[in-house]
Amino acid sequence: MSERRSHRSVDVAVIGGGVIGLGIAWAVAQSGRTVVVIDPDPAGGATFAAAGMLAAVSELHYQEEALLELMLASSTLYPAFIDSLGPDSDATGYQRTRTLNVGADEADRQALADLRGVQLANGLAVEPITIREARVLEPLLSPQISSAFVVEQDHQVDPRRLTARILLELAHHGHDAVIRVQASGLLHSADASSRVTGVALFDGSTVTATDVVVANGLGAAALDGLPEHLKLPLRPVYGDILRLRVPEPLQPLLTCTVRGLVHGVPVYLVPRTDGTLVIGATQREDGSGVVSAGGVYQLLRDAQVLVPAVSELELIETTARARPGTPDNAPLLGRVDSGTDGDIPGLIIATGFFRHGVLLTPVAAEHCLQLIEGIADDRWRAFRPDRFSSRAPASALLKGGHS
């Protein structure tokens, strides 16, 4: 290894090359700072499996209303974020098509209607339509569905194409924008609560940086050199996701994302412009990272209830990945209190995005850049990564149920 690579120096080092880490690195590069992403397999984790629904409205869950402002803010930032990657939005798979939420039976209809009440109470637009109107929009929907609701604000992006585009743009900004080695820990000026000065890698090399962003998902809590009082309570939430190819005679199978409830179980179908369909996603916390036969069966069964023609598609890929969940299902985002004298300089945490990682990438990128520049938006202080720590600042209590 060259001396230059063994002891590299940049303005910002980002640990983790998923969509969040890459989005942050891209924002940093655009600001004129030097940046490097440290990841042995960029975009190979949860990002690789993600369907890419930008569903701030449809993803509103009961008792998670505190996340809504963050999700809506990121949704608003998405067009500019995509534009920053070049004039061809198709290169990222970004589509501003609607989302159709449908129910299979009467109980599903009632559940979606109840959720709509919460959505309306939060100022969100969710319009009920008749089954006939739904089948005009999507002719291959089953005539047996019980209900349909249109959400014009929820769109989609292809995470694989998006991250490939970011990597390409980062390469244009710097010849060695990605170090494909795993980070082992943080470097400090003194003890673990002092200024962070860089990153140590498993190959023995180091990267010095003015700021280090820890964005490596579930791996964040295992890094050496984290402050002793900092608790990052991350848990792996596994999910199976399928990719299918639509035969030419059935194209387009769907023109927009269909999210459904089938006897109380959620399923979604996301059409891609390349003639494929993404179906997901199961959710389990059994510790197994392998594709579940039962999960594949469940997804295909429920998808066919909503769109019977799914049975005629070619199954081309099954994937299972773990998403980083937190106790309140909200991200760990921001600087860390030193416990003695303000925040620890040089350290930013950006992990725990659970099922919202793709959606929240623009706002996470913007917030991290603002933290680096010292002008951060106080609205997001409630998502501080030290809110579960023994010395959590009072400002780190999240409204609406976080503690």
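A residue counts as buried when its relative accessible area is under 20%. By that cut-off cysteine 256 is buried, because its relative accessibility is 1%. This tour moves through a predicted model, and cysteine 256 serves as its point of departure.

**Stop 1: two cysteines and a core**

Select cysteine 256. This residue belongs to a core of 29 residues, which also includes Leu242, Val296 and Leu306. Now select cysteine 368, which is likewise buried, with a relative accessible area of 0%. A search for disulfides ends quickly, for the structure holds zero of them.

**Stop 2: the open sheet of eight strands**

Colour strands 5, 6, 4, 13, 14, 15, 12 and 16; listed in this order, they form an open sheet with mixed pairing. At its edges are strand 5 (127–129) and strand 16 (314–325), each of which pairs on one side only. From one strand to the next, the twist averages 25°.

Within this sheet, select residues 257–262 and 265–271. These are strand 13 and strand 14, an antiparallel pair held over five bridges. One position to inspect is glycine 260, whose bridge partner in strand 14 is valine 267.

Next, add helix 8 (residues 293–306), which packs on the sheet. Helix 8 touches strands 4, 12, 13, 14, 15 and 16, and its direction makes about 75° with that of strand 14. Then select helix 5 (residues 106–121), which lies across strand 4 (99–103), strand 5, strand 6 (147–151) and strand 13. Helix 5 runs at about 30° to strand 6.

**Stop 3: two cis peptide bonds**

Where is proline 252 found? Its place is the loop between strand 12 and strand 13. Zoom in on the bond that joins proline 252 to glutamine 251: the peptide is cis, with omega about -5°.

Move on to glycine 280 and alanine 281, which are also joined by a cis peptide bond, here with omega about -20°. Alanine 281 lies in the loop between strand 15 and helix 8.

**Stop 4: strand 11 and its partners**

Select residues 206–214, which form strand 11. Is this strand largely enclosed or open? Strand 11 is largely enclosed by the rest of the structure, because seven of its nine residues are buried.

Follow its partners in turn. Strand 1 (residues 7–15) pairs with strand 11 in the parallel sense over eight bridges. Along this pairing, valine 10 stands opposite alanine 209, and arginine 8 stands opposite valine 207.

Strand 10 (residues 196–201) pairs with strand 11 in the antiparallel sense, over three bridges. Here valine 199 has valine 207 as its bridge partner. The hairpin of strand 10 and strand 11 has four residues between the strands, and within it glycine 204 takes a positive phi near 90°.

Strand 18 pairs with strand 11 in the parallel sense, over three bridges. To see a position in this pairing, select valine 214 and its bridge partner in strand 18, isoleucine 349.

**Stop 5: from strand 1 to strand 2**

Return to strand 1 and add strand 2; the two run parallel and are joined by four bridges. Alanine 13 has valine 36 in strand 2 as its bridge partner. Trace the chain from strand 1 through helix 2 (residues 19–30) to strand 2: this β-α-β crossover is right-handed.

**Stop 6: the largest nonpolar core**

Nonpolar side chains tend to be buried together in soluble globular proteins. In this model, the largest nonpolar core has 60 residues. Select Val14, Ile24, Tyr78, Leu162, Leu170, Val213 and Ala350, which have the most contacts inside it. Helix 9 gives the most to this core, with ten residues.

Centre the view on valine 14. Leaving aside neighbours within four places in sequence, its contacts include Gly21, Ile24, Ala25, Val213 and Ala215, as well as Val35, Val36, Val37 and Ile38.

**Stop 7: two residues with positive phi**

Finish in two loops. Alanine 43, in the loop between strand 2 (35–38) and helix 3 (46–49), has a phi near 60°, a positive value in a residue other than glycine. Alanine 43 is buried, with a relative accessible area of 12%.

Phenylalanine 354 is found in the loop between strand 18 (347–351) and helix 9 (357–373). Although not a glycine, phenylalanine 354 has a positive phi of about 50°. This residue too counts as buried, at 5% relative accessibility.

Note on methods. Residues are numbered from 1 along each chain as its sequence is written. This is a predicted model: local features need pLDDT of at least 70, side-chain atom pairs count only at pLDDT 80 or more; totals for chains, interfaces and linings use all residues. Side-chain values use heavy atoms; hydrogens and water are left out. Two strands pair if DSSP finds at least two bridges between them. Axes are lines fitted to C-alpha atoms, for helices over the stretch in contact, and angles run from 0 to 180 degrees between N-to-C directions. Contact means heavy atoms within 4.5 Å. Buried means under 20% relative accessible area, exposed over 50%, partly exposed in between (1.4 Å probe, protein chains only). A crossover is right-handed if, with the strands pointing away from the viewer, the path from the first strand over the helix to the second runs clockwise. A nonpolar core is a set of buried Ala, Val, Leu, Ile, Met, Phe, Trp, Tyr and Cys residues joined through side-chain atoms within 4.5 Å. A disulfide is a pair of cysteine sulfur atoms within 2.5 Å.
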